[in-house]
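Here's a walk through one protein chain, starting with the overall picture and then moving down to single residues. Keep the viewer open as you read.

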Amino acid sequence: MQRQHAPYRADVVGSFLRPDAIKQARLKFASGEIDAGQLRAVEDEAIRHVVEQQCACGLHVVTDGEFRRAWWHFDFFDGLQGVERYDSQQGIQFNGVQTKAHGVRVTGKLGFGDHPMLADFRYLKSISRNAQPKMTIPSPSVLHFRGGRKDIDATVYPDLDAYFDDLATTWRDAIQAFYAAGCRYLQLDDTVWAYLCSDDQRRQIRERGDDADDLARTYARVLNKALEGKPDDLTIGLHVCRGNFRSTWISEGGYEPVAEVLFGTVNVDAFFLEYDNDRSGDFAPLRFIRPGKQQVVLGLITTKNGELENPQGVKARLEEAAKYVAKEQICLSPQCGFASTEEGNTLSETQQWDKVRLVTQIASEVW
């Protein structure tokens with residue numbers, strides 16, 4: 001039951017705690033003490049090191065830790081055609097803490113173009129000799145969901161159907177561009193599906209005049225259109241995130257409200273699902289994972305704190321999940337990244353790597 005290709009029995013979601021060298025270089029760049037080239041050289045060295053650390057933990061997949069980004073999503077959106085970042089009145093509200101006040105809006109026709117993150121992936125690939133490099137980007141639904149209609153210029157897109165068509169095409173172009181750059185493992189990070197599981201978030205969606213179930217069907221359609229023509233040797237995973245900022249969260253509620261649409265109709269190769277606490281619900285929604293078609297990567301190891309899980313407890317949960325989806329379709333990972341934003345979660349780098357080693361240890365014993 002070992003897997004020689006993505007997703008791996010022991011996998012990762014993507015981001016890692018930013019080392020001090022990057023934090024200091026960012027401050028110097030912001031103050032004008034160093035230029036963009038010098039900043040990139042510091043990032044290059046830090047990425048080389050984090051790739052080595054992932055391999056040392058026994059992983060067969062590596063990411064660049066998202067070290068060149070301040071945010072898991074805004075930095076990618078910045079590079080798209082037709083998208084503008086702006087300072088909003090308030091940040092994104094998490095459980096007891098709020099992010100910096102940034103937002104994005106669509107001011108022109110959407111397009112992928114010559115995105116700067118293609119160069120980021122090429123560098124990762126050039127140094128990933130002992131493991132498969134994985135690229136992480138936000139899912140298309142994330143660009144639409146938070147602002148909705150109000151953040152889409154009505155003179156550019158008077159008809160939202162045309163907007164959603166261009167949204168899908170932009171991501172399809174992104175998928176093809178990363179493939180052309182040598183990417184064979186791509187992950188789409190998506191907070192929206194978790195929001196659609198939350199009673200509180202569904203209430204907010206109703207209050208703004210949208211229907212959560214209609215949005216689910218729309219986002220599934222956009223994703224599947226983006227995936228049309230995907231090369232057979234490219235693995236695409238979808239990470240359903242419940243919010244991850246300084247170890248806090250946004251949404252709670254099991255996957256049942258979206259399970260049939262998400263697992264039953266969206267044509268990704270793998271679902272990365274957070275299952276690190278009671279907020280995630282039970283494993284029953286996994287019954288909609290299509291037999292033999294897709295992998296489900298269970299995030300049973302939390303990145304919110306440094307306390308190590310009991311391996312026997314994790315193994316027991318894997319067995320519980322196997323009641324709903326075949327064991328050969330299950331993999332294991334941390335529940336999320338360790339630093340979806342540059343601030344990072346409240347654990348140490350030592351604790352972070354202990355968590356990753358726990359994932360590889362348990363996977364080697366189970367499979």
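The sections below go from the whole chain to its core, one helix and a few individual residues.

## The whole chain

First off, this is a predicted model. The chain has 367 residues, and 60% of them count as buried. Its secondary structure adds up to 12 helices and 10 strands. With a radius of gyration of 19 Å, close to the 21 Å that the globule rule gives for 367 residues, the chain is as compact as a globular protein of that length. If you want a feel for the dimensions, the C-alpha atoms fill a box of roughly 55 × 50 × 45 Å along the principal axes.

How far apart in sequence are the residues that touch? Taking contacts between residues at least 6 apart in sequence, 78% join residues at least 24 apart.

## Surface and charge

The accessible surface of the chain is about 14,800 Å², and carbon and sulfur atoms account for 46% of that. On the charge side, there are 44 positive and 53 negative charges, and the mean positions of the two sets are 2 Å apart.

## The nonpolar core

The largest nonpolar core has 117 residues, and the ones touching the most other members are L143, F178 and W193. Which helix gives the most to this core? That's α6 (residues 160–180), which puts in 10 residues.

F178 is worth clicking on. Setting aside neighbours within four places in sequence, F178 is in contact with F76, F112, M117, L118, F121, M135, I137, C183 and L186.

## Helix α4

Some of those partners turn up again here. Helix α4 runs over residues 117–127, and its buried residues are M117, L118, D120, F121, Y123, L124 and I127. Note that the list has an aspartate, D120, in it.

What do the buried residues of α4 pack against? On the helix side there are α2 (36–56), α3 and α6, and on the strand side β1, β4 (132–133) and β5 (135–138).

## Y157 and H144

Y157 sits in the loop between α5 (140–145) and α6. Buried or exposed? Its relative accessibility is 0%, so Y157 counts as buried. Leaving out residues up to four places away in sequence, Y157 touches V106, G108, K109, L110, R149, I152, A162, Y163 and D166. If you'd like a distance to check in the viewer, the C-alpha atoms of Y157 and V83 are 13 Å apart, with their positions 74 residues apart along the chain.

H144 belongs to helix α5. Why does H144 count as buried? Because its relative accessibility is 4%, and the cut-off for buried is under 20%. Beyond residues up to four places away in sequence, H144 touches I152, Y163, F164, L215 and Y219. I152 and Y163 are on the contact list of Y157 as well.

## Backbone oddities

Two spots are worth a look if you care about backbone geometry. The peptide bond from A6 to P7 is cis, with omega near -10°. P7 lies in the segment before α1 (20–31).

The other spot is E66, which has a positive phi of about 60° although it is not a glycine. You'll find E66 in the loop between β1 (61–62) and α3 (74–78). With a relative accessible area of 4%, E66 is buried.

Notes. Residues numbered from 1 in each chain as written. Predicted model: local features only at pLDDT ≥ 70, side-chain atom pairs only at ≥ 80, totals over all residues. Heavy atoms only, no water. Helix = DSSP H or I, 4+ residues; strand = E, 2+ residues; numbered from the N terminus. Rg over C-alpha atoms; globule rule 2.2 N^0.38 Å. Buried < 20%, exposed > 50% of the residue type's maximum accessible area, 1.4 Å probe, protein only. Contact = heavy atoms within 4.5 Å. Areas by Shrake-Rupley, 256 points an atom, 1.4 Å probe, with all protein chains shown as cover. Lys, Arg positive; Asp, Glu negative; His and termini not counted. Charge placed at Lys NZ, Arg CZ, Asp CG, Glu CD. Core = buried A, V, L, I, M, F, W, Y, C linked by side-chain atoms within 4.5 Å.
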